[in-house]
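Please look over the sequence and the structure shown here before reading the notes that come after them.

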Amino acid sequence: MCAADERTALLSPESASMSTKSRWPGLWRPFELQSLSSILKSQPVTLLPAILLGASIWFGVTPTDELTPTAIRLLAVFLSCIFALITTSVDISLLVLSGLTLLSLTHSFQCEDAATGLSTECRLCGETNPLTGDEYDCKGAKESFHHSLEGFSSSVVWLIFAAFHLGKAVEVTQLGRRVSLLMIRAFGKRIMGLAYAIVFSEILLAPFVPSNTARGGGIVHPVVHSIATTLGSTPSHDPEVGAFLMLLGNHANLLSASMYLTGMAANPIVLSRASQVFPDVNFDFLTWLTGSIVPCLFCALALPIVLKWQCGLHKSTSPSAPAVHDEEQQHGGGQASAAALMSGRIRESTKVPSDSIVKHAQCELDRMGSMSAKEWQLCLVLFTCLGLWVTSGYTGLDATLVALIGIVGLLHMGTISWKDISKNTNAWDTLFWLGGFVTMAHQLSDAGASAFLGHRISDMIQDLHLPPLPFLAIAYFLTTFMFSSLSAHIVAFVGTFLDAGRVLGAQPMVLTALLAYFGAISGCMTNYSTGMAAMYYAPGYVTRSRWFIVGFQIAAFYLLVYFTIGMGWWRLLGWWD
């Protein structure tokens, strides 16, 4: 026995460990499995499929006259980022930063040749132009880095940034809470009443506020967010109601943007290009509205029902909700219990009407008292911004400048402080990742990658002998997935698809209508298609994967409606003649 103990004592620590493992193998297996599981869930491993996808495009696609090496690299990084967004939980800002850094290091941007003024690949700077025999006069390293930051100077990105802070002011002053309580008091017997109030608020505002980001992010989103929090719904506690409202606000904004010619800033671009390709087509404001009103209103009426089903609000609530109600009546409860009551009862009220939530909303309004000076100041600023947005066609003021004027006014009046600005992390995070995506989208267009894909899609439709309608419109709809800006998508692709439709013999009015309306509603698929979508996604009620799943389901719904009800309505209007 002593000899055995002496031999064990002489063993090295590693040998002793191996000896222990050999004696009790079952004891160590859970630790080994846990270690393997943690490795498989680590960030580098989860990113591996996206990296392999990007590498296969970067090194596997052969350059052609239409698709340059720079275009291939941009496409590889962009698609890799999108794939990682869908399949991993890595922060979107980290993905964008990694992509921009790689593109900048490899000079994978379009530079300008100072000698000719033409766009050229940054990787060719300093090399000899085979056509002229002169060197490309540009600085690849320096200009590549400058191009990587271009998206952060986009007025759209800064409009979103400013809208976040307007929303923060609505939260800080509790004006949003007051408005949400008033809406709950008026429509709160059923959650569907709140839903339709949000939808038709967007539809009524859309013809007067031509920026869908300013309308959704600066006006409607703060109220929607306040309603969610007032109902006791947060990303960590009872998120279903908040998720429903956030998704509804996002999709209602895109739907209203498609309904009017003035619903989105980029809508007139479609008509401008259509008039060039089809000179005989007359598609003005009234024509646009006449064609959109039937399918759009049908979608508006059905949207809350579809989203309620997708968010699980069609299910009956748990038996605990009435118990909370009873306890609230007996003990008086606090604001948190009241919020829990409201959340439970409003979900229950999708089936059984109740006055509890309406009474609570009135009690909360009484507790808040009359409007404070800061609330009046915010009202003044918001109505001023609304007026300037509506009259931007006469004043010439950019929508972003109007929003920044509002922020400056609020800061000088003391309505909000600079600490409120600096601590608004959602605004800064969105500014970063959306600016990076805008950079990639612009460079994809400049490098010819977007046009290349558009032509390939058109050629495929022709080669397969498919009818140009609806397949051209479907392809146009789905290509929005590549863009972080609806305006950029329209600029890059609408001309290509209109030209393809003319060559393939598509009916001009119907093709123009489909591309016009799909330019906005095609943004439903992702959380980065427009700045407004980024704002509704930022609070965290909806996970990234769920946003994409719901988005594709809504996309299928829109396509079904417009290819049935929409086309039937246009046939009655005589657009098929």
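The report below treats a predicted model and takes up a helix with the residue at its start, and then a pair of helices in contact.

## Helix 26

Helix 26 covers residues 508-521, and because a rise of 1.5 Å a residue should give its 14 residues a span of 20 Å, the distance of 20 Å between its end C-alpha atoms agrees with that expectation. Most of this helix is covered, as 13 of its 14 residues are buried.

## Gln-507 at the start of the helix

Gln-507 belongs to the loop between helix 25 (486-504) and helix 26. With a relative accessible area of 16%, Gln-507 counts as buried, because the cut-off for that class is under 20%.

The side chain of Gln-507 meets the backbone at the start of helix 26, where one of its oxygens comes to within 2.9 Å of the backbone nitrogen of Met-509. A polar atom of the Gln-507 side chain also lies 3.2 Å from the backbone nitrogen of Val-510. Leaving aside residues up to four places away in sequence, Gln-507 touches Leu-469, Trp-575, Trp-576 and Asp-577.

## Helices 10 and 14

The axes of helix 10 (residues 191-205) and helix 14 (residues 285-310) come within 10 Å of each other and cross at roughly 145 degrees, and the crossing is right-handed. Helix 10 contributes Met-192, Ala-195, Tyr-196, Val-199, Phe-200 and Ile-203 to the contact, while helix 14 contributes Leu-297, Ala-300, Leu-301, Pro-304, Ile-305 and Lys-308. Of the residues in this contact, 11 are nonpolar, one is charged and none is polar.

Note on methods
Residues are numbered from 1 along each chain as its sequence is written. This is a predicted model: local features need pLDDT of at least 70, side-chain atom pairs count only at pLDDT 80 or more; totals for chains, interfaces and linings use all residues. Side-chain values use heavy atoms; hydrogens and water are left out. Helices (H or I, at least four residues) and strands (E, at least two) are DSSP runs, numbered from the N terminus. The expected span of a helix is 1.5 Å times one less than its number of residues. Buried means under 20% relative accessible area, exposed over 50%, partly exposed in between (1.4 Å probe, protein chains only). A polar contact is a pair of N or O atoms within 3.5 Å; within protein, one must be able to donate a hydrogen and the other to accept it, and residues adjacent in sequence count only if both atoms are side-chain atoms. Axes are lines fitted to C-alpha atoms, for helices over the stretch in contact, and angles run from 0 to 180 degrees between N-to-C directions. A crossing is left-handed if the near helix is turned anticlockwise from the far one by less than a right angle, and right-handed if clockwise. Contact means heavy atoms within 4.5 Å. Ala, Val, Leu, Ile, Met, Phe, Trp, Tyr, Cys and Pro count as nonpolar, Asp, Glu, Lys and Arg as charged, and the others, Gly among them, as polar.
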